[in-house]
Amino acid sequence: MELITATDITDSVLAGRVTGEELAFANEAVVRLAATYGVKEEAIVASNLVKRYAVVIACRECCLNLVGTDPTVQMDGARQDDIYERKYKLYDAMSKDILKELTLADFAGEENGAENGGGAWTKTVNIYRG
């Protein structure tokens, strides 16, 4: 499934630098995450938040692969100022924040999310005591 493409990357530093492998990794991460909510790949109706999550994952992976390649790194004493390292930390924090907000409805659509229990953490467990 292809939720995002290179045109979805709007970061001025990373535009044109995110590889096809990193995009595929991000798309696959969304498919795996949807499976944890019980949504099969062919049934994914991705919300804008899910697409944003995929973009953040692709950018994070790109930054991880580019750490140490910044030609403008300044070294003065113990300080290293690598733009990719700073952006990696930013995208990692963003991915964790978005992950906390995602629900079943973000993967299955509002109407399907409501039919399937209304939320990601809503489950019924039958308990039998005998």
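**A salt-bridge network between helix 2 and helix 3**

Let me start with Asp92, which is buried at a relative accessible area of 16%, where buried means under 20% relative accessible area, exposed over 50% and partly exposed in between, computed with a 1.4 Å probe on protein chains only. What we are looking at is a predicted model, in which local features need pLDDT of at least 70 and side-chain atom pairs count only at pLDDT 80 or more, while totals for chains, interfaces and linings use all residues. Residues are numbered from 1 along each chain as its sequence is written, and side-chain values use heavy atoms, with hydrogens and water left out.

The structure holds 5 salt bridges, a salt bridge being a side-chain nitrogen of Lys or Arg within 4 Å of a carboxyl oxygen of Asp or Glu. One of these joins Asp92 to Arg60, with the closest N and O atoms 3.4 Å apart. That pair links distant parts of the chain, since Arg60 lies in helix 2 (residues 48-66) and Asp92 in helix 3 (residues 83-101), 32 residues apart; helices here are DSSP runs of H or I with at least four residues, strands are runs of E with at least two, and both are numbered from the N terminus.

Asp92 also meets Lys96 in a salt bridge, at 3.2 Å from N to O. These two residues are 4 apart in helix 3, and so are separated by about one helical turn, although Lys96 is partly exposed, with a relative accessible area of 47%.

On the other side of Arg60, Glu61 forms a salt bridge with Arg60 at 3.3 Å between the closest N and O atoms, and both of these residues are buried. Taken together, Arg60, Glu61, Asp92 and Lys96 are linked in a network of salt bridges.
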